[in-house]
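Reader: I'm new to reading structures, and I'd like to know how the labels get decided. Can we go through this one together?

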Amino acid sequence: MITFENVTKKYVNDQVAVKAINLEIKKGEFFVLIGPSGCGKTTLLKMINRLIPLTEGTIRINEKRISDYNIHELRWNIGYVLQQIALFPHMTIEENIAVVPELKKWSKQQIQKRVYELLEMVGLEPDKYSQRKPKELSGGEQQRVGVVRALAADPEIILMDEPFSALDPISRTKLQDDLLELQRAIQKTIVFVSHDMQEALKLGDRICVMRDGEIVQIGTPQEIIQNPVNDFVREFIGVNKLNPFHLEAVMQPITDEDHERNCKESISSKDSLQTILQKLAQFECLGVVDNGKIIGMVTRASMLQYLAHDSLERGNAND
Ligand SMILES: Nc1ncnc2c1ncn2[C@@H]1O[C@H](COP(=O)(O)OP(=O)(O)O)[C@@H](O)[C@H]1O
Ligand SMILES: [Mg+2]
């Protein structure tokens, strides 16, 4: 759906921000770009809707080069959500959401219906919120409006650049949950920039880890956790930061059936997280042995859930 062929971006001083990227983002996919500050995530994202011109290479959307699209057609069909809440302060919430539908010359009734539908979708009661100004909403509520504004004209693609990072942890978690639910309902192609691995693991169908303008690894959350390609990715996943690791948090009760059929390998209750992850790369299910007795099991799914769990609930010491 979105393909990058040898895409390079150099800024004025010939400094390379993005280096010969090849990438294919699939239709309906939730694709997360992640990496440290300055690695080129925003540059990569903004080249998709031509906010930043490429230096070399080609980007295509549905096989057509982005340079061959009419710029308005391209931008109106790509929703865009920024980190900073970027609502127009003098306009009401309804007017803010209506910007692109109006450019696309939708009828008044059609627009109002759409605004109401969208506000309801993110739990903002339309009668209460549609006529307010942005400053009469909390930060979390404003960013919710930012998200639905990007959806307003029903774009095929939505680009999101660290949309939740300015929010407090509770609003962030809530918006992540809402976005996941929304994505399941609307099945858009979402390209989402994050610098938070927990967020990436929670949201992404696939994650693309970047460093210094290059792709280090692309894979599903499970693939990345189980087979990080190098120390950089391993470090970034934060395996080392997840101490103290509590086995009880990932251990599940084991049934006789699981034991016999699924758990071909076991670990000791004293094994480190690293050891357990290595074994999970090979085995779907591990029996947990304590003093010679099986006391439970750890599965790939339960581990993934643990690793993707919001840092909030593990204490902010990990942030
Ligand atoms: N307008 C610009 N002019 C010159 N250099 C830039 C510009 N925008 C970004 N850069 C540089 O390009 C690199 C990648 O930046 P960016 O894409 O914003 O990274 P990220 O979003 O991952 O933090 C950085 O080294 C940054 O300093
Ligand atoms: Mg950025």
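**How the labels are earned**

Author: Sure. One sheet here is open and has four strands in the order 2-1-4-5, with antiparallel pairing. Keep in mind that the model is predicted.

Reader: What makes strand 2 and strand 5 the edge strands?

Author: Each of them, strand 2 (16–25) and strand 5 (64–65), pairs on one side only.

Reader: How do you know that strand 1 and strand 2 pair?

Author: Two strands pair if there are at least two bridges between them. Strand 1 (residues 2–10) and strand 2 are joined by six bridges and run antiparallel, so they meet that rule. As an example of bridge partners, K9 goes with V18 in strand 2.

Reader: What is the strand order in the sheet with mixed pairing?

Author: That open sheet has three strands, in the order 11-12-13. Its edge strands are strand 11 (265–268) and strand 13 (293–299), each pairing on one side only. From one strand to the next, the twist averages 35°.

Reader: Why do strand 12 and strand 13 count as a pair?

Author: The rule asks for at least two bridges. Strand 12 (residues 285–290) and strand 13 have six, in the antiparallel sense, so they count as a pair. Within strand 13, M297 is the residue opposite G287.

Reader: Which helix packs on that sheet, and what does it touch?

Author: Helix 12 (residues 273–282), which touches strand 11, strand 12 and strand 13. The direction of helix 12 makes about 175° with that of strand 11. Angles run from 0 to 180 degrees between N-to-C directions, so the two point in nearly opposite directions.

Reader: Now the ligand. What makes the pair between Q15 and ligand 1 a polar contact?

Author: The cut-off is 3.5 Å between N or O atoms. An N or O atom in the Q15 side chain is 3.0 Å from an oxygen atom of ligand 1, so the pair qualifies. For Y11, a side-chain N or O atom is 3.4 Å from a nitrogen atom of ligand 1, so that pair is within the cut-off too. A polar side-chain atom of T43 lies 2.5 Å from a ligand 1 oxygen atom. Taken alone, ligand 1 exposes 560 Å², and the protein buries 62% of that.

Reader: Which element gives the largest share of the shell around ligand 1?

Author: Helix 1 (residues 41–48), with three residues. By type, the shell has four nonpolar residues, six polar and one charged. Lys counts as charged, and K41 is among the residues around ligand 1, so K41 is the charged one.

How values were computed: Residues are numbered from 1 along each chain as its sequence is written. Chains are lettered from A and ligands numbered from 1 in the order in which they are written. This is a predicted model: local features need pLDDT of at least 70, side-chain atom pairs count only at pLDDT 80 or more; totals for chains, interfaces and linings use all residues. Side-chain values use heavy atoms; hydrogens and water are left out. A residue is near a molecule or strand if one of its heavy atoms lies within 4 Å of it. A polar contact is a pair of N or O atoms within 3.5 Å; within protein, one must be able to donate a hydrogen and the other to accept it, and residues adjacent in sequence count only if both atoms are side-chain atoms. Accessible areas come from the Shrake-Rupley method with a 1.4 Å probe; for residues, only the protein chains shown count as cover. Contact means heavy atoms within 4.5 Å.
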